[in-house]
Amino acid sequence: MKNEHDKKNKCHIEVCYLCNQEFDIGKDDCSHYHYGKYPICANCSEAYGFFNI
Ligand SMILES: [Zn+2]
């Protein structure tokens, strides 16, 4: 669970688990950690309907 403390950072760059693009998971958009550990960017969140999962 290496991402445990990273969630507290407001600006944190992650690489999307689906499209491999870098994005800021701290931004206030749809990006999030899928199942709490796979970083998903906002684009993929919308495309795949991963909101709040
Ligand atoms: Zn993506």
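## Nonpolar core

A nonpolar core is a set of buried Ala, Val, Leu, Ile, Met, Phe, Trp, Tyr and Cys residues joined through C-beta atoms within 7 Å. In this predicted model, the largest such core has six residues, namely Cys16, Phe23, Ile25, Ile40, Cys41 and Cys44. In soluble globular proteins, nonpolar side chains tend to be buried together.

Two members of this core, Ile25 and Cys44, can be described further. Ile25 is in contact with His12, Glu14, Ser31 and Pro39, once its neighbours within four places in sequence are left aside. Cys44 lies in helix 1, which covers residues 42-48. Cys44 counts as buried because it has 20 C-beta neighbours inside 10 Å, and the cut-off for a buried residue is 20 or more. The C-alpha atoms of Cys44 and Cys30 are separated by 8.7 Å, with these positions 14 residues apart along the chain as a sequence separation.

## Overall architecture

The protein has four strands and one helix. Along the sequence these elements follow the pattern β-β-β-β-α. Strand 1 spans 13-15, strand 2 spans 22-24, and strands 3 and 4 span 32-34 and 38-40. The helix, at residues 42-48, completes the pattern.

Of the 53 residues of the protein, 17% count as buried. Among contacts between residues at least 6 apart in sequence, 18% join residues at least 24 apart.

## Pro39 in strand 4

Pro39 is found in strand 4. Pro39 counts as buried because 21 C-beta neighbours lie inside 10 Å. Not counting residues up to four places away in sequence, Pro39 touches Glu14, Val15, Cys16, Tyr17, Ile25 and Tyr33. Two of these partners, Cys16 and Ile25, belong to the largest nonpolar core.

Pro39 and Glu14 are 25 residues apart in sequence, and their C-alpha atoms are 6.5 Å apart in space. Glu14 is also among the contacts of Ile25.

## Loop between strands 1 and 2

Asn20 has its place in the loop between strand 1 and strand 2. Its phi is positive, at about 65°, although Asn20 is not a glycine. Asn20 is exposed because 8 other C-beta atoms lie within 10 Å, and the cut-off for an exposed residue is 12 or fewer.

## Loop between strands 2 and 3

Asp29 is placed in the loop between strand 2 and strand 3. With 14 other C-beta atoms within 10 Å, Asp29 is partly exposed. Asp29 and Cys41 are twelve residues apart in sequence, and the distance between them is 8.9 Å, C-alpha to C-alpha. Cys41 is one of the six residues of the largest nonpolar core.

## Loop between strands 3 and 4

Tyr35 is found in the loop between strand 3 and strand 4. Phi of Tyr35 is near 55°, a positive value in a residue other than glycine. Tyr35 counts as exposed because it has 10 C-beta neighbours inside 10 Å.

Lys37 is found in this loop too, between strand 3 and strand 4. Lys37 is exposed, with 11 other C-beta atoms within 10 Å. The C-alpha atoms of Lys37 and Tyr17 are separated by 9.6 Å, while the two residues are 20 residues apart along the chain. Tyr17 is also one of the residues that Pro39 touches.

Technical notes: Residues are numbered from 1 along each chain as its sequence is written. This is a predicted model: local features need pLDDT of at least 70, side-chain atom pairs count only at pLDDT 80 or more; totals for chains, interfaces and linings use all residues. Helices (H or I, at least four residues) and strands (E, at least two) are DSSP runs, numbered from the N terminus. Two residues are in contact if their C-beta atoms, placed from the backbone, lie within 7 Å.
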